[in-house]
Amino acid sequence: MANPTIVLLPVWGAGHFMPMLQAGKQLLASSSRPLSLTVLLMPAPTAQSASDISDHIRREEGAGAVDIRFHHLPDVKLPTDHSGVEEFISRAVQLHVPHLRAAIIGLTSPVAALVVDIFCTPALDVSRELAVPAYVYFTSSAAMLSLLLRSPALDDEVVVEFEEMEGALDLPGLPPVPPSVLPGTLLERKSPTYKWFVYTGRRYVEASGIIVNTAAELEPRVLAAIAEGRCTRGARAPGVYPIGPVLALTPPAHAEAEEQPHECLRWLDAQPPASVLFLCFGSKGFLTKPQAHEIARGLERSGHRFLWVLRGLPVDISRGAQDPSDANLAELLPEGFLGETKERGLVWPKRAPQKEILAHASVGGFVTHCGWNSILESLWFGVPMLPWPLGAEQHFNAFTLVCDMGVAVPLKVDRKRDNFVEAAELERAVRSLMGGGEEGRKAKEKAMEMMVVCRKAVDHGGSSCASVKRLSEDLLGGAVVLPNV
Ligand SMILES: COc1cc(-c2[o+]c3cc(O)cc([O-])c3cc2O[C@@H]2O[C@H](CO)[C@H](O)[C@H](O)[C@H]2O)cc(OC)c1O
Ligand SMILES: O=c1ccn([C@@H]2O[C@H](COP(=O)(O)OP(=O)(O)O)[C@@H](O)[C@H]2O)c(=O)[nH]1
């Protein structure tokens, strides 16, 4: 009989598809018996995500190292009238349910588990029907997971809009949470996407387990609260497997191709240790001209060295493009800025090799949009942060970085003004992080502690390594042979 297979159902973004695949490969590597991966691919909603994913599949298939099969699900008519990403993903998956069922029934291998991405909860119908164990792969933090698990109770306990309630929210394992940092979706309780968020939290308890891209030692209090049922009204929550950080650290492209290192890295080589502030806003972040001007002024006045990844508006929004364009620096930056700061600053207008930059000894701080992958990468290299969240769950992530982990210096971001930051506020925060004062020093010390914690966790005998092992054993125990009809 063929080896049992783990069926993965990722959503389309690179920050989801790649970490999920990477986690799957780790499972295969740590299993005591041969396992394979089957990746079910829902057709991507934009041409761009389709091409990102097919590039990645080509690389995986080219490498041919592990037993992975990619299965393309048929097209469905994706919802166009959705009110947010939670609704969009959930409804898209709902439409895929018949194809998903057929694809899984058609597999010739015993199915060890179906592992679904963040808002793919409608797929749990298929696993229940086919008696296949279902797991969630959670690409964000355990704190965010606790918020999702607790959302049905919060929905009952709080009768007004969260921003109108008195005081803070109680999320066990975290300091009191100001409603202003909740994901945007939770701030509009009448919107359909809010209902899908709470629906997701309600259905997560049906899963056999939840795999999280975090390390037990990074978020110990929240993980304990989940395990003790404190986020699920005392009911037992599914077992959580913290297996991270899952980072996909590949050798630098230039090392393999014997090319010159990237220009950003060569520029960093010429800077003193821990002297450079790195600014990067994720795969989708871009800045308007007024905001770019504020940053330029803030950086100029701070006097610190900087490497700034500055991207422009997506070019063709009408055709679904979401990725930022390469910035026209002459148009976006104040006149004379590049000349005046050329001795201590580099502005890079394209996608940059973020992990390699964070790994560089000259980088001393990171202004980040607080995507969870960026946070994990920063911690992996012991770089303290200035959180500048832009959307989704990123304001909540920023809150946990400052108030729970202590690895970041706060930055005042005006959420009601499209996440605007004033030059004077940026200057203050940059000086605080990079200037050798108490606040920045503490964040640096904590970030270094987290670096050690992260590396130990994934090392042989570490907590994440043990979680992967436990997960692979639990998966093998539940493998189901389906009648192939
Ligand atoms: C898949 O494409 C997108 C995903 C998100 C998205 O939205 C989101 C909404 C919430 O209410 C809570 C969340 O945790 C959450 C997470 C999320 O995914 C992003 O995932 C990345 C990798 O895991 C990264 O961690 C980011 O911080 C998350 O925001 C949002 C989105 O566009 C706004 C997508 O296209
Ligand atoms: O110029 C860039 C911007 C982003 N990234 C990578 O893209 C991912 C972004 O993921 P994250 O979860 O932080 O945020 P998202 O882009 O999904 O909002 C991370 O691995 C970054 O290292 C990069 O390499 N170069």
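Helices and strands here are DSSP runs, numbered from the N terminus. With that naming, Ala 131 turns up in the loop between helix H4 (124-130) and strand E5 (134-138). The model is a predicted one, and in it Ala 131 has a positive phi of about 55 degrees although it is not a glycine. Ala 131 is also exposed, its relative accessible area being 54%; the cut-off for that label is over 50%.

Cys 370 makes a handy companion to Ala 131. Again there is a positive phi, about 75 degrees for Cys 370, in a residue that is not a glycine. Cys 370 sits in the loop between strand E13 (363-368) and helix H14, a helix that covers 372-380. Here, though, the relative accessible area is 0%, so Cys 370 is buried.

Next comes the loop between strand E7 (239-242) and helix H8 (253-257), which holds Gly 244. Pro 245 belongs to the loop between E7 and H8 as well, and a cis peptide bond joins Gly 244 to Pro 245, with omega at about -5 degrees. Gly 244 counts as buried because its relative accessibility is 0%. What does Gly 244 touch, once its neighbours within four places in sequence are left aside? Its contacts are Val 212, Asn 213, Thr 214 and Ala 215, along with Ala 457, Val 458 and Ser 464. Leu 218 lies 26 residues from Gly 244 in sequence, and the C-alpha to C-alpha distance between them is 9.6 Å.

Turning to helix packing, helix H5 (residues 142-157) and helix H6 (residues 192-204) have axes that come within 8 Å and cross at roughly 105 degrees. That angle makes H5 and H6 roughly perpendicular to each other, because the label covers 65 to 115 degrees. On the H5 side the contact is made by Met 144, Leu 145, Leu 147, Leu 148, Leu 149, Ser 151, Pro 152 and Asp 155, while H6 brings Tyr 194, Phe 197, Val 198, Thr 200, Gly 201, Arg 202 and Tyr 204. Sorted by class, the contact of H5 with H6 has 10 nonpolar, 3 polar and 2 charged residues.

H5 comes up again with helix H15 (residues 394-405). Of the 12 residues of H15, 10 are buried, so this helix is largely enclosed by the rest of the structure. The buried residues of H15 are Gln 394, His 395, Phe 396, Asn 397, Ala 398, Phe 399, Thr 400, Leu 401, Asp 404 and Met 405. What do they pack against? Their partners are H5, helix H7 (220-227), H14, strand E14 (385-387) and helix H17 (438-458). Just after H15 comes Gly 406, with a positive phi near 70 degrees.

H15 also has a stake in the second largest pocket, which has a volume of about 390 Å³. The largest share of the lining of this pocket, 5 residues, comes from H15. In total 17 residues line the pocket, and those nearest its centre are Val 181, Pro 389, His 395, Leu 411 and Val 413. His 395 is thus one of the buried residues of H15 and one of those nearest the pocket centre. The pocket lining divides into 11 nonpolar, 2 polar and 4 charged residues.

As for enclosed space, a search of the whole structure finds 2 cavities of 30 Å³ or more. The largest has a volume of about 50 Å³. Its lining consists of Leu 8, Met 20, Ala 23, Gly 24, Leu 27, Val 115, Tyr 137, Ile 211 and Ile 243. Which helix gives the largest share of that lining? Helix H1 (residues 14-30) does, with 4 residues. The lining of this largest cavity has 8 nonpolar residues, 1 polar residue and no charged ones.

The second largest cavity has a volume of about 30 Å³. Around it are Cys 280, Phe 281, Gly 285, Phe 286, Leu 287, Val 309, Leu 310 and Arg 311. By class, its lining has 6 nonpolar, 1 polar and 1 charged.

Finally, there is His 96, in helix H3 (residues 85-105). Is His 96 buried or exposed? With a relative accessible area of 1%, His 96 is buried. Apart from its neighbours within four places in sequence, His 96 is in contact with Met 42, Pro 43, Leu 73, Pro 74 and Val 76.

Methods
Residues are numbered from 1 along each chain as its sequence is written. Chains are lettered from A and ligands numbered from 1 in the order in which they are written. This is a predicted model: local features need pLDDT of at least 70, side-chain atom pairs count only at pLDDT 80 or more; totals for chains, interfaces and linings use all residues. Side-chain values use heavy atoms; hydrogens and water are left out. On a 1 Å grid over the protein atoms alone, a cavity is a set of points where a 1.4 Å probe fits but cannot get out, and a pocket is an open set with protein on both sides within 12 Å along at least five of seven lines; lining residues have an atom within 4 Å of a point. Grid points are joined across faces, edges and corners, and a volume is the space filled by probe spheres set on the points. Helices (H or I, at least four residues) and strands (E, at least two) are DSSP runs, numbered from the N terminus. Ala, Val, Leu, Ile, Met, Phe, Trp, Tyr, Cys and Pro count as nonpolar, Asp, Glu, Lys and Arg as charged, and the others, Gly among them, as polar. Buried means under 20% relative accessible area, exposed over 50%, partly exposed in between (1.4 Å probe, protein chains only). Contact means heavy atoms within 4.5 Å. Axes are lines fitted to C-alpha atoms, for helices over the stretch in contact, and angles run from 0 to 180 degrees between N-to-C directions. Angles under 35 degrees count as roughly parallel, over 145 as roughly antiparallel, 65 to 115 as roughly perpendicular and the rest as oblique.
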